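Here is a short set of exercises to work through with the coordinates open. Try each task yourself before you read the solution below it.

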Amino acid sequence: MGKELINWENGRWIGQTLEVENGVCAVPSTPEGELEYTDAVKAATDHLYKDVADFIPEFEWPAYAPLVHAINTLKKQKNAVILAHNYMTPDIFGLIGDYTGDSLGLAIEATKTDAEIIIQGGVHFMAETSKILCPNKRVFIPSMRAGCSLASSITGEDIKLIKQRYPGIPVVTYVNTSADVKAESDICCTSSNAVAIVEHICAEWGVNKVIMLPDEFLAKNVAKQTNIEVIAWHGRCEVHARFSAQDVRDMREAHPGVVVLAHPECPPEVVAESDFTGSTKAMSDYVSDNSPKNVILLTECSMSDNVAMENPDVDFVRPCNLCPHMKRITLENIYECLKDETNEVLVPEDQRVRAYKAVMDMINVKFDPVKGHFDPSLPQVGVKVI
Ligand code: SF4
C-alpha cells in the first residue's frame, strides 16, 4: 500500500494533512492536530485575544486558541450556533457565543436563527426551553450534569399536588424549571417580568392570590412590589441565596461609594441593602447606562467578567459566588459536543406543547421593563412558604 496523504474524512479535518503508511495513520487517529496552536490557528485567532486579555494570561492563549478556532470552524460546517448565558466564562461568552444574554433572551434568539443545531452554553433547563420553543432544531448541552438547584427543587408531580390543594389559584412558574414543571404551570415568568406576570394572571383569573415557584426569595421580593398575595415554594438558587445583608454592609465599608446591584434571587434583606435590584439584563443595562465608578454585582462570578468586557472604564469589585452547574460547561466539552453531536436534549411532544403554551403566554404579556426593577425601600410583607 505504501505511503499516502489524506485529509480527515467527512469534511471535519481542516488542519494539517495526515500521513498514512500501510493503512496506519502517522498521527493519532483522532484529529488531535485540529487542537494544535499552528501558524494557521494563530493567524485565525490572534485578533480575538484582545477581547479576553483581562481574563486569560497571554502565555495561556495557545491552549485556548485551537479550541476556539476548531469550534468556530465546526459551527460553520454544521450550521450550528452557540447560545452563551451571562454566567458563562469570558472565553465562551466573548469568543464563541453567537448569542449572549439571559436564558429567555437566548431561547427567543434561538427561534430566529436559521441554524439547524443549537449548542446551549448554560444549564439543562435552558436547553429544554430552547427545545420547547424550537422543536425542529436539534438542541445539545455540553454536559448533562449542568443542572440547577432551583430547577431540581420541584417536579411536575409537585405542581399537580399543589393545584389539588389550592384550586382556583394560578401557578406562576419561573423559567428556571424543567419542561415537566412548565407543562403543569398556568404561565411562566422571568426575573424581568415576574411582577407584571403575577398581576396579569390574577387579573385574568379574577383573583388576588397567586402561587409563585420555585424560588422562595424571588417570590418574596415580588410580593413587596404588588398588592397580590403570594404563596411561595421553598426552592433557592444556591448562588444568590448565599449573599447576606451583612455582606453588603461589609462591602460598603471596605469600598466607600461603591454601587451595589443585586439579583432578585437574593434574600429580601440583601435587596433592601442594595442600590438596585433587577434581572441579569437589567443589571448589565444599569452599568452601561450609568457607568458607575465602581460597582458590585451580587450574582454569579462570570457575570461581572462579561459586563466588565463591555464596560472597560468601570471598576468591578468582585465578591461573587460561582455556580458549579454553569461551570460544568467548558470550551473542551463544547468542542466535543459539537464535533460528536452528543447530549441531545429532547422533550416529549405532549409535554413540550403544554410547556410551550406557558412560555408563550408569558412572552405575549407586554410589560414595562422599568417596572421589573425592585424598589429596595419597600417594606417586607409576609409570604406563606409551602
Ligand atoms: S445561578 Fe442559581 S438559578 Fe442559575 S443555574 Fe446556578 S443554581 Fe440555578
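**Exercise 1. Does G257 count as buried or exposed?**

Solution. Keep in mind that this is a predicted model. Start with the place of G257: the loop between α11 and β12 (259-262). Next, count its C-beta neighbours inside 10 Å, which come to 8. The cut-off for an exposed residue is 12 or fewer, so G257 counts as exposed. As an extra check on distance, take V175: G257 and V175 are 82 residues apart in sequence, and their C-alpha atoms are 34 Å apart in space.

**Exercise 2. Locate E238, classify its exposure, and find which residues surround the ligand along with it**.

Solution. First, E238 sits in the loop that runs between β11 (229-232) and α11 (245-254). Second, E238 has 15 other C-beta atoms within 10 Å, so E238 is partly exposed. Third, look at the ligand: its surroundings consist of V123, C148, S149, L150, N176, C237, E238, V239, E300, C323, H325 and M326. Sorted by class, this shell holds seven nonpolar, three polar and two charged residues. Finally, compare sequence and space for E238 and E265: they are 27 residues apart along the chain, with 9.4 Å between their C-alpha atoms.

**Exercise 3. Work out the strand order of the open five-stranded sheet, then follow its pairings**.

Solution. Begin with the order, which is β9-β8-β10-β11-β16, with parallel pairing. The edges are β9 (187-189) and β16 (384-385), each of which pairs on one side only.

Now move across the sheet:

- β8 (residues 171-174) runs parallel to β9 and is joined to it by three bridges; Y174 has C189 of β9 as its bridge partner.
- Three bridges also link β8 and β10 in the parallel sense, with T173 opposite L213 in β10.
- β10 and β11 pair in the parallel sense over four bridges, and I211 stands opposite I231 in β11.

How many of the five residues of β10 are buried? In this strand (residues 209-213), the number is four, so β10 is mostly covered.

**Exercise 4. Describe how α6 and α16 meet: what is the angle, and which residues make the contact?**

Solution. Take the axes first. Those of α6 (residues 124-133) and α16 (residues 349-363) come within 9 Å and cross at roughly 95°. Angles of 65 to 115 degrees count as roughly perpendicular, and α6 and α16 are therefore roughly perpendicular to each other. The contact is made by T129, I132 and L133 on the α6 side, and by R352, A355, Y356 and V359 on the α16 side. By class, these contact residues divide into five nonpolar, one polar and one charged.

**Exercise 5. Find which residues of α13 are buried and what covers them**.

Solution. Step along α13 (residues 280-290): T280, A282, M283, S284, Y286 and V287 are buried. Then look at the elements around them; the cover includes β12, β13 (276-277), β14 (294-298) and α14 (301-310).

**Exercise 6. Inspect the backbone at S291, E341 and the L213–P214 bond. What stands out?**

Solution. A reminder helps here: most residues other than glycine have a negative phi, and most peptide bonds are trans.

1. S291 comes just after α13, in the loop between α13 and β14. Its phi is near 40°, a positive value in a residue other than glycine. With 11 C-beta neighbours inside 10 Å, S291 counts as exposed.
2. E341 belongs to the loop between α15 (331-340) and α16. Its phi is near 55°, again positive in a residue other than glycine. E341 has 14 other C-beta atoms within 10 Å and is therefore partly exposed.
3. L213 and P214 are joined by a cis peptide bond, with omega about 5°. P214 itself lies in the loop between β10 and α10 (216-224).

So the points to note are positive phi values at S291 and E341, and a cis peptide bond between L213 and P214.

Technical notes: Residues numbered from 1 in each chain as written. Predicted model: local features only at pLDDT ≥ 70, side-chain atom pairs only at ≥ 80, totals over all residues. Helix = DSSP H or I, 4+ residues; strand = E, 2+ residues; numbered from the N terminus. Buried ≥ 20, exposed ≤ 12 C-beta atoms within 10 Å, placed from the backbone. Near = placed C-beta within 6 Å. Nonpolar A, V, L, I, M, F, W, Y, C, P; charged D, E, K, R; others polar. Contact = placed C-beta atoms within 7 Å. Axes fitted to C-alpha atoms, helices over the stretch in contact; angles between N-to-C directions. Parallel < 35°, antiparallel > 145°, perpendicular 65-115°, else oblique. Pairing = 2+ DSSP bridges.
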